[in-house]
Amino acid sequence: MTLSTDSDLKQALEAVIVPGFGLALGRLGRLRQVQLENGRALVEAEIGVPAAGISDELLRELRRVTTAQAGISDADVRISQRITAHGVQRNLKPLAEVRNIVAVASGKGGVGKSTTAVNIALALAADGAAVGILDADIYGPSQPLMLGLTGQRPTSEDGKTMNPLQAHGLQVMSIGFLIDADQPMVWRGPMVTSALNQLLQQTRWSDLDYLIVDMPPGTGDIQLTLSQQVPVSGAVIVTTPQDIALLDAKKGLQMFRKVSVPVLGIVENMSTHVCSHCGHEEPLFGSGGGRRMAEEYGVTLLGQVPLDMSIREQTDSGTPTVVAAPASVQAGAYRTIARNMAAALALQGRDYSRRFPNIVVEDS
């Protein structure tokens, strides 16, 4: 019998498929340590995606693969999680306390973008990530209602910065916390972008792996300016399957590409409806539109969310689906989307700008 070497074991472990992500460990993480001694193996794996929901299953698989190697009778396997920062637009600098900003956008309103954004954020948090959500829809902020924070106000210790509010494990900021719920925002574009930059820069975010930005709908001047001024690591496009929504979603995708923001994938919302009485399934808004768009533009279809009354009821009550009914089919769809999004981001290039000091040239 030929005994396994460290390199044999490393190769076998790197090929292990990470549960819930469908990608090999060697692509989503790295092996920090692999040692063999007297039939005993020590393995330390580091994964670059939120892993709390799948860590036990992954641990069992890594231990099984390790002990299956020739000459190994015992295995000490450990897993750690480390979400790294990824690159942003070249002319922008990442936020100090935020590793990755992900914009959730749609070409038009009414496709469930805000509901999708908050459930993605909650799914990432449930998998062990530190997550914040910024409600960038200045004209129609909805996150205060969706997260049960209506009427609350952020605090400030210095009069210059604000502490984010907390809900279901998320750090949250919205213009809705600073104005009355029925107050219309009759602002022109420059005022809107200035307000958003203040919310982003003057909020005291604390060590976030992901900041999900719920973008305003559309692809006009405001959306373009925001995508140019916010240091974004990637974008998610939300659409319904119907052709009229896809037309606008395609414009949103192209907008991000024009400003060098990678599109991590597409979410097809309201993909199908299952009758709560008879169980009949019917694609009310058409079928396959999100998949066709993903194939046309060479991006990933992150997932499909059914049209279900419970999603609306749960977000209206301030407890979105992922926390209100974590075992439901709908919550499972959001978890799949969040994991696919995190994987797409993990496969991108890392940001190394934080390692270098700022260089200032002064006249002597």
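This is a tour of the model above, going from its sheet to the helices beside it and ending at one loop residue.

The model is predicted, and local features are described where pLDDT is at least 70, side-chain atom pairs count only at pLDDT 80 or more, and totals for chains, interfaces and linings use all residues. Residues are numbered from 1 along each chain as its sequence is written, and side-chain values use heavy atoms, with hydrogens and water left out.

**The sheet**

Begin by colouring the strands, which, like the helices, are DSSP runs numbered from the N terminus (E over at least two residues for strands, H or I over at least four for helices). An open sheet of 8 strands should appear, with mixed pairing and the order β6-β7-β5-β8-β4-β9-β10-β13; two strands pair if DSSP finds at least two bridges between them. At the edges stand β6 (165-167) and β13 (301-304), and because each has a single partner strand, one side of each is left without a neighbour in the sheet. From one strand to the next the twist averages 25°.

Zoom in on the β6 edge, where β6 pairs with β7 (residues 170-174) in the antiparallel sense over 3 bridges. Selecting L165 leads across to V172, its bridge partner in β7.

**Strand β9**

Select β9 (234-239) next. Of its 6 residues, 6 are buried, so β9 is largely enclosed by the rest of the structure; buried means under 20% relative accessible area, exposed over 50%, and partly exposed in between, with a 1.4 Å probe and protein chains only. In a regular strand the side chains alternate between the two faces of the sheet. Here G234, V236 and V238 are buried on one side, and A235, I237 and T239 are buried on the other.

V236 is a useful residue to centre on, since V104 stands opposite V236 and G265 is the bridge partner of V236 in β10. The strands β4 and β9 run parallel and are joined by 4 bridges, while β9 and β10 pair in the parallel sense over 5 bridges.

**Helices across the sheet**

Now show helix α8 (residues 243-258), which lies across β4 (101-105), β9 and β10 (263-268) and runs at about 175° to β9. Axes are lines fitted to C-alpha atoms, for helices over the stretch in contact, and angles run from 0 to 180 degrees between N-to-C directions. Add helix α12 (residues 329-346), which lies across β4, β8 (210-214), β9, β10 and β13, at about 175° to β13.

Move to helix α9 (residues 289-297), whose buried residues are G289, G290, M293, A294 and Y297. They cover an arc of only 135° around the axis, which puts them on the same side of α9; the arc is that of the directions from the helix axis to the C-beta atoms. On the other side of α9, E295 and E296 are exposed. What covers the buried residues includes β9, α8, β10 and β13. Just after α9, G298 takes a positive phi of about 65°.

**A helix pair**

Select α1 (residues 6-14) together with α3 (residues 55-67), whose axes come within 10 Å and cross at roughly 145°. The contact is made by L9, A12 and L13 of α1 and by L62, V65 and T66 of α3, where contact means heavy atoms within 4.5 Å.

**Last stop**

Finally, find D209 in the loop between α6 (189-201) and β8. D209 is buried, with a relative accessible area of 9%, and, leaving aside residues up to four places away in sequence, D209 touches I83, R99, N100, A129 and A130.
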